[in-house]
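Reader: Hello! I would like a close look at one part of this model, and I am happy to read a long answer.

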Amino acid sequence: MNLIKKLFCLILLIHTSSIFASSFSMGRMETVGTDGAYDVQTNPAKIFINKPNKAFGLMLYYTAVKQEESLYDTKTSTSTGWSHNESKLKSFVETTGSLDYYARTKKNVYGISIRNEYNTSKRETLSQVFTNAIPPATEGTGINSESKGDSQTIYPTLTLAYARKINNHSFFGIRLSGGYQMSTSDSDNIQTDFNNTIQQEAKTTDETNSIIGELALTYTFKKKNSELGLILSSGTIAYEQH
């Protein structure tokens, strides 16, 4: 029943951009219920509803896909033959961890969060073009294009939070986040004919470095069994360099 009584907070995001910067915003819904020290990363105004005056939080998240997974596999007829395109995810690992802390006085809340995300993946892509052939036969002439690639992303973030008690029912907060994201990808590309004669071979490496920031103003209202939360955010603003 307590969950039914909780209202949902609406996150209003303002899309912002500047010269040589790219930005995007995503709206989402979340419950007003408190999450302890993790509120530093979301709505610091909610911390006034928490019972402890000081809290420390540790979050670790790990997920992995080790088995091969098909992303798409299509065959298309053309005027001179047919084509086959296939992509496979060989493995995927996502690791996220954060340390969160806040201290609360009668009127103020001070919080800090250190977070890091690390993702790796391996993919294979195959493209075949058959001419003078009828599916599924592979006779005739054509080209095989095969690509194998690895990618990884590292994204550390620092968040500073402050909240102020307006009265016994209203609380205001501000959250400032900044981070550095580095993404790298390596791929081996090879083209052969159906006699396995190499036509073209290349290795490519791409690296993207991004400085990412976000500013959010938060508000929480609580009276008896009712709670209302609001977040006004700049959205994620990123400056990228390849």
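How many salt bridges does the structure hold, and where do they sit?

Author: Glad to help! First, a word on the basis: this is a predicted model, in which local features need pLDDT of at least 70, side-chain atom pairs count only at pLDDT 80 or more, and totals for chains, interfaces and linings use all residues. Residues are numbered from 1 along each chain as its sequence is written, and side-chain values use heavy atoms, with hydrogens and water left out.

The structure holds 5 salt bridges, a term that here stands for a side-chain nitrogen of Lys or Arg within 4 Å of a carboxyl oxygen of Asp or Glu. One of them joins the side chains of Asp150 and Lys122, at 3.3 Å from N to O. Asp150 belongs to strand S8 (residues 141-165) and Lys122 to strand S7 (residues 108-131), so this pair ties together parts that are 28 residues apart in sequence. Strands are DSSP runs of E with at least two residues, numbered from the N terminus. Asp150 counts as partly exposed because its relative accessibility is 37%, and Lys122 counts as partly exposed at 40%. For these words, buried means under 20% relative accessible area, exposed means over 50%, and partly exposed lies in between (1.4 Å probe, protein chains only).

Among the other salt bridges is the one between the side chains of Arg115 and Glu117, at 3.3 Å from N to O. Glu227 also forms one with Lys222, with the closest N and O atoms 3.3 Å apart. In that pair, Glu227 is buried at 14% relative accessibility, while Lys222 is partly exposed at 27%.

Strands S7 and S8 have a nonpolar side to show you as well. Along with strand S4 (54-65) and S6, they each supply at least two residues of a nonpolar patch. The patch covers about 910 Å² of surface and is made by Phe56, Leu58, Leu60, Leu99, Tyr101, Ile112, Ile114, Leu158 and Leu160. Such patches take residues with over 30% relative accessible area and no salt bridge, joining nonpolar side chains (Val, Leu, Ile, Met, Phe, Trp, Tyr) within 5 Å and like charges within 9 Å. The areas come from the Shrake-Rupley method with a 1.4 Å probe, and for residues only the protein chains shown count as cover. S4 gives the largest share of the patch, 3 residues. Leu60, found in S4, is exposed, with a relative accessible area of 72%.

Methods
Helices (H or I, at least four residues) and strands (E, at least two) are DSSP runs, numbered from the N terminus.
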